[in-house]
Amino acid sequence: MRMSGDDDDAAERTITIRASTPAAAPVVGHFLAYTEGEQTRRVPVGPAGLTIGRLAPSELAIASPEISRRHCRIDLDGEWATVTDLNSTNGTFVGGERVSRPTRLQNGGQLSLGSFIIRYERRDPREVAEEEELIAELKRATDYVRAILPRPIEDGPVRTDWWFVPSAQLGGDAFGYQFLDATTFTGFVLDVSGHGIGSAMHAANVANALRRRALPGVDFREPAQVVAGLNAVFPMEEHNELMLTVWYFVYDLPSRTLLFCSAGHHPSYLLPPGHDPLPLWFRGPAIGMLPKGNWTEGSVTVPPASRLYLFSDGAFEIVDQSGREWKLEDLRQLIVAAPRPRQIWDTIRAAVPPGPLDDDFSVLTITFA
């Protein structure tokens, strides 16, 4: 379009009108998500649909006696997915209702095949791919954290046992133990704030510093010195604002004396034979919060055959299937009823809803033979 004025000095102006480009329609993918162990798996549903059953040739095979050989089928109808029961023995349920005809699935809706739960999701495949890559990175970080955990000690005057289960997002748990010499045994549990790869790697770095005794000027036979040394080396402003809690101990075999120090961590428990668990704890600031801090060192004589429990808050800060929030007292009672770390984990796993926990689970026991 050309516009001109009566003034000879008026300049010609050209106005170009462009049609606006319509926004691209969002890409929609169809996925079935379910829990396998402690991980969430996703299976894409293609244009041809898929069959769910106990055995191949079902595209999604679930080895469970509650599921029929060919249990149900998922088909796509435009932008929607429908489920059809294939005359299964135990039925297919959507939203608690048994399916008797092809039923449209709502985004986020659940399919129940016996006790097996599958969630239907409509999502952008690119987002899912990015999420899967993040999960792969978390798994690599988890494998690294597991690699630095010590092997259990099954014989000798000091024996160890532990159970570690990372959360879906991977927290900042780590623990370790070692003999400083023939008569001095040390150990620790620590928990870095936050979740994800950063917290996990920070926990691994701190654990390695303790394992390699890489704190300048620190006597590792003195728990308060160790805690102060950690605080000097790992200030949160130099480590992505990450702080951590730690419970560290030193055990002298000849005198059966246990020295301990807590930095922002909850109590550990000493369980003598025939007695209630004894909390071992003094209040002290977490590592990295303050330039300097005061930490109290405790001491206790260990009766023969006692067991020491070190754990992260993921072992008791849980919500069970009834919606009740557990407290430290719940774990204290559980220690008496199910004393081994694996038993504690199995009891908690049965109490909470299916799926990964919200935080890492770490329980370490030291048995003084």
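Two strands are said to pair if DSSP finds at least two bridges between them. With that term in place, good morning, and allow me to introduce this structure. Please bear in mind throughout that the model is a predicted one.

I begin with the sheet to which the definition applies. Five strands make up an open sheet of mixed pairing, and their order is S6-S5-S7-S8-S11. At the edges are strand S6, residues 60-61, and strand S11, residues 103-104, each of which pairs on one side only.

Moving inward, strand S5, residues 50-53, runs antiparallel to strand S7, residues 72-77, and three bridges join them. Which residue of S7 is the bridge partner of leucine 50? The partner is isoleucine 74.

On to the next pair of strands. S7 and strand S8, residues 80-85, are also antiparallel, with six bridges between them. Arginine 73 has threonine 84 of S8 as its bridge partner, while aspartate 77 is matched with tryptophan 80. S7 and S8 form a hairpin with two residues between the strands, and there glycine 78 adopts a positive phi near 70°.

I turn now to the helices. In helix H3, residues 223-233, the buried residues are Pro223, Val226, Val227, Gly229, Leu230 and Asn231. What covers these residues? The cover includes helix H2 (197-211) as well as strands S17 (244-252), S18 (257-263) and S21 (297-301).

Helix H2 deserves a word of its own, as histidine 202 lies in this helix. Is histidine 202 buried or exposed? Its relative accessibility is 4%, so histidine 202 counts as buried. Leaving aside residues up to four places away in sequence, histidine 202 touches Val192, Phe234, His239, Leu242 and Leu244.

My next topic is the aromatic residues. How many aromatic pairs does the structure hold? There are 12 of them. One is formed by phenylalanine 179 and phenylalanine 185, an edge-to-face pair with 4.8 Å from centre to centre and 65° between the planes. As for accessibility, phenylalanine 179 is partly exposed because its relative accessibility is 32%, whereas phenylalanine 185 has a relative accessible area of 0% and is therefore buried.

A second pair has another geometry. The ring centres of tyrosine 269 and phenylalanine 311 are 6.0 Å apart and the planes meet at 15°; the pair is therefore stacked, since planes under 30 degrees apart count as such. This pair links distant parts of the chain, for tyrosine 269 belongs to strand S19 (residues 268-271) and phenylalanine 311 to strand S22 (residues 306-311), 42 residues apart. Both tyrosine 269 and phenylalanine 311 are buried.

Ring pairs also build a cluster, whose members are Tyr177, Phe179, Phe185, Trp247, Phe249, Phe260 and Phe282. Phe179 and Phe185, the edge-to face pair described a moment ago, are thus found again in this cluster.

Finally, I come to a pocket. The second largest pocket has a volume of about 210 Å³. Which residues line the second largest pocket? They are Gly314, Glu317, Ile318, Val319, Val352, Pro353, Pro354, Gly355, Pro356, Leu357, Asp358 and Asp359. By class, this lining comprises seven nonpolar, two polar and three charged residues.

That concludes the presentation; thank you for your attention.

Terms used:
Residues numbered from 1 in each chain as written. Predicted model: local features only at pLDDT ≥ 70, side-chain atom pairs only at ≥ 80, totals over all residues. Heavy atoms only, no water. 1 Å grid on protein atoms, 1.4 Å probe; cavity = no way out; pocket = protein on both sides within 12 Å on 5 of 7 lines; lining within 4 Å. Points joined across faces, edges and corners; volume = space filled by probe spheres on them. Nonpolar A, V, L, I, M, F, W, Y, C, P; charged D, E, K, R; others polar. Buried < 20%, exposed > 50% of the residue type's maximum accessible area, 1.4 Å probe, protein only. Helix = DSSP H or I, 4+ residues; strand = E, 2+ residues; numbered from the N terminus. Contact = heavy atoms within 4.5 Å. Phe/Tyr/Trp six-rings, centres within 6.5 Å; stacked < 30°, edge-to-face > 60°.
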